[in-house]
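This report describes part of a protein model for a reader who is new to structures. Please keep the sequence and the structure in view while reading.

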Amino acid sequence: MITKKILIVDDDEYLLLGLAAKLKASGYAVVSAVDAVAAVAVARREVPDLIILDLGLPAGDGLLVLERLRALTDLVATPVIVLSARDPANNEQRALKAGAVAFFQKPPDSREFLTAIRRALGEEVALSQFLRT
Amino acid sequence: MIPQEKRTLDGNRHDPRIEESYSDPAGGMNRIAKVDFSREERSELLNVKAWSPMLETYGLTMKVAVALTDVQGTLLGKVHCPQPIWTFVRSTLVGKETGCPFCLSPPSPCAAVMNALRTAMPAIARDRAGLAHVAIPLSLGKHRLGAIIAGQVFDQYPESLLLERAAKTFGVSAQLLWRLASKQRPISRSALQQAGDLLCALGQAFIRQRYGAILETQMARTNLRFRLLVEGVTDYALFTTDHLGRVTSWNVGAERMLGYPEADILGQHFSRMFTSEDIQNGAPEKQLGNASREGRTEDEGWRLRRNQTQFWANVIITPLAEEANSHRGFAVVMQNATDRREAAIELETVRQERMNLQEQFLSHVSHELRTPLTAIYFFITNLLEGVAGDLTSSQRENLEFSLENVKQLKDMVSDLLDVSRIETLKLTVEPQCMSVPSLIAEVLRTCLANARLKNISLVADTTEGLPSAWADRARMRQVLVNLIDNGIRFTPDNGTITVQGGVFAEDSGFLYLSVTDTGCGIRPEDHPMVFDRLAQVKTLTESSRKGLGLGLFISKELISQQGGRIWVESQVGRGSTFYFTVPIFSLAKVCGSIFTPANLAAGCVTLLSIDVPTIDSSIPAQDPTGIRKVLERCILHGQDLLLPPMTDADMIETFFIIACADRFGAEAITKRLRRDLDSPNLKAAIFITTLQLSVNDQPWEERIAEVTTQIDKLVQKHLVEREILK
């Protein structure tokens with residue numbers, strides 16, 4: 001089985017470390033970016049299978065990043081999950097309209113978050129996986 | 001002793017008609033009877049100086065002596081035009097004057113005066129020298145004020161015998177007396193009577209004039225006092241109007257405030273101080289009407305100065321009552337409240353700004369807290385998930401405690417933001433049709449993990465077949481989770497928390513939900529405080545004091561915004577029960593707006609059920625809000641109605657439209673729906689049911705209720721069928 005690659009975009013390095021460890025433990029390869037410009041560059045270079053995107057980023061809003069990614073042929077279909085501190089009441093619909101598949105407010109429930117990642121990657125969510133977590 | 005002759009002028013003193021005419025000569029003076037004159041007023045009425053010219057003139061004209069007396073017959077002032085014979089006789093009486101200046105001997109008081117006052121008619125008496133005098137009563141209504149005596153004249157040729165006796169009595173020369181008397185021409189009795197009548201008329205007229213003068217002085221004084229008062233007030237406009245609203249008086253304050261000098265505004269209608277908008281709305285007339293009806297009316301609004309600039313005025317209008325049912329005008333008190341209003345607006349603006357700043361700050365803080373919190377959360381869950389290797393049971397326990405605290409922090413961050421939203425009025429609820437038992441079940445699943453830590457059992461107890469609630473599901477969930485978490489926090493290990501739901505007994509338009517714990521309870525005096533902001537009852541043990549104490553405050557706001565209420569019943573040591581109510585969803589209430597006789601003239605209603613295939617959240621265009629918007633576009637507002645979501649949040653694929661239309665109208669709606677809704681990957685199934693309203697002879701309400709019940713049944717049936725299909 002090919003290891004799937006996930007790009008995490010967030011300017012908080014501890015969050016990157018924690019989430020990366022979690023995803024790696026779940027069997028994914030992880031790359032990261034800490035600002036809007038790097039996000040697009042890393043995405044183009046690495047062509048990840050999934051992007052976890054923060055909205056409040058240095059050098060540009062996450063929604064702009066989402067727009068730019070949607071304009072790139074390589075990344076047009078790459079699912080994006082937004083993980084933001086922002087209020088879902090004002091931002092969830094905007095994120096979904098801009099092309100994200102899911103919106104999570106920080107901190108997300110660990111299980112729900114992993115389930116959403118698997119679903120977005122088109123993986124069958126096995127019962128055994130649930131039991132393990 | 002010379003016998004005194006006492007006679008009335010006409011000898012018919014018992015004629016009540018005459019008495020009446022004297023006691024109330026002007027007619028209408030009777031009212032004075034009600035007035036009690038003060039000593040000052042009495043002496044003013046009989047002011048000697050005022051009477052003198054009149055008496056002097058009368059005496060000279062009629063060639064009689066005349067004088068004013070009080071009610072005792074005592075002389076006031078002097079005797080005008082005294083007769084020589086009387087002066088001569090009188091001169092012997094130095095030191096032994098009688099009360100009556102005309103009676104040359106006692107008894108006192110003078111019989112003529114007494115008679116006149118008693119009968120209210122002129123009375124004649126003759127003294128020992130044979131000189132006659134007539135007394136005229138001075139009265140106002142029933143008040144006897146004094147008398148006028150005129151005379152010192154012979155009413156027949158002087159009798160020599162009488163004169164001789166008098167000369168002896170008074171010790172004067174009989175020859176001299178006779179000589180004086182023979183020079184004085186006698187006046188006939190009838191002439192004396194006429195003179196008395198004339199004097200009586202003059203006296204009454206004069207005393208009424210005096211009375212009028214006194215009244216006028218008093219009124220003038222009052223007027224002056226009132227004017228001084230009104231003029232002294234410069235911060236208020238004080239003016240009066242007639243019954244139609246035309247200005248009848250105008251003070252300096254009014255001139256300053258409104259810019260019109262008195263001369264320019266008198267007689268003008270007070271509506272010229274109103275804005276044209278207010279005049280169009282009939283505000284001036286309405287305010288006068290209100291004042292008449294209520295006895296007073298108060299208003300705040302814009303008023304116009306003469307130069308057409310506006311100011312914010314506080315206005316009080318009172319009717320000036322004259323009789324019970326009519327009034328002669330209005331008194332208007334107006335205050336310029338522009339500064340006060342601006343200050344209030346400014347204060348509110350500042351408050352809002354401060355609140356907005358606070359919300360921005362809290363929003364920022366909560367945003368900034370969330371990211372590091374997420375990092376901590378990820379690390380802890382990583383460890384618990386075994387990412388860094390297996391854990392000993394004590395390590396696991398420590399980590400679980402940490403996780404618990406992280407979750408609490410997360411809730412606090414959310415609470416902070418909610419509180420600032422409540423204060424900036426930005427917290428909103430969006431009611432929908434929702435099932436209470438399914439909410440309770442879902443919330444209990446969420447809270448189970450927390451309860452297990454303290455081995456607390458969670459019990460749900462809801463009535464079968466509960467009607468749907470009309471509430472914001474997410475907010476209801478928030479309230480319920482908060483109440484259950486509170487219960488868990490304050491309940492010792494191995495306790496029980498019971499969640500109940502049912503129709504509220506006190507108001508069948510509401511459902512109630514309750515959360516009962518077996519915790520420490522709340523003292524009765526603390527009950528009202530628990531829903532206050534930052535309230536945390538002091539008796540709680542340190543270990544259970546967690547959180548910011550904002551949860552119940554937020555819950556109360558959320559529940560009241562949905563039209564319900566929240567309260568607590570508790571016994572110390574036995575536990576507490578928190579109750580809250582939410583409105584029951586009523587199709588009738590929702591349909592009320594479109595079920596009008598005009599809309600239902602055709603006699604039928606159509607229900608459209610739209611089943612949209614299971615929505616894939618990865619295709620954002622198909623989110624339920626998007627579909628709702630499309631549906632809203634396809635209906636005729638005011639005539640058709642898109643029902644709120646009738647199922648729970650995760651089952652959103654059925655929509656209902658109630659249309660006041662027949663089958664053809666429904667077909668038209670369907671055509672529009674298909675055009676806008678159907679796309680290659682979305683094919684909606686639309687069902688149409690047309691219902692006929694019952695026959696005309698039934699009351700309208702019953703016909704509406706009947707068709708509403710039918711629709712309700714159809715909706716429920718459709719939902720059940722969808723559920724089975726799944």
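In which sense do strand β16 and strand β18 of chain B pair, and over how many bridges? Strand β16 (residues 510-516) and strand β18 (residues 575-583) of chain B pair in the antiparallel sense over seven bridges. Strands (E, at least two residues) and helices (H or I, at least four) are DSSP runs numbered from the N terminus, and two strands pair if DSSP finds at least two bridges between them. Within this pair, Y512(B) stands opposite T581(B) of β18(B).

The model is predicted: local features need pLDDT of at least 70, side-chain atom pairs count only at pLDDT 80 or more, and totals for chains, interfaces and linings use all residues. Residues are numbered from 1 along each chain as its sequence is written, while chains are lettered from A and ligands numbered from 1 in the order in which they are written.

Both strands belong to an open sheet of five strands with mixed pairing, in the order β13-β15-β16-β18-β17 (chain B). Its edge strands, each pairing on one side only, are listed here.

| Edge strand | Residues |
|---|---|
| β13 (chain B) | 457-462 |
| β17 (chain B) | 566-571 |

Helix α15 (residues 436-453) of chain B packs on the sheet and touches β13, β15 and β16 of chain B; contact requires C-beta atoms, placed from the backbone, within 7 Å. A441(B) lies in helix α15 of chain B. Because A441(B) has 13 C-beta neighbours inside 10 Å, it counts as partly exposed (buried means 20 or more, exposed 12 or fewer, partly exposed in between).

Note on methods
Two residues are in contact if their C-beta atoms, placed from the backbone, lie within 7 Å. Axes are lines fitted to C-alpha atoms, for helices over the stretch in contact, and angles run from 0 to 180 degrees between N-to-C directions.
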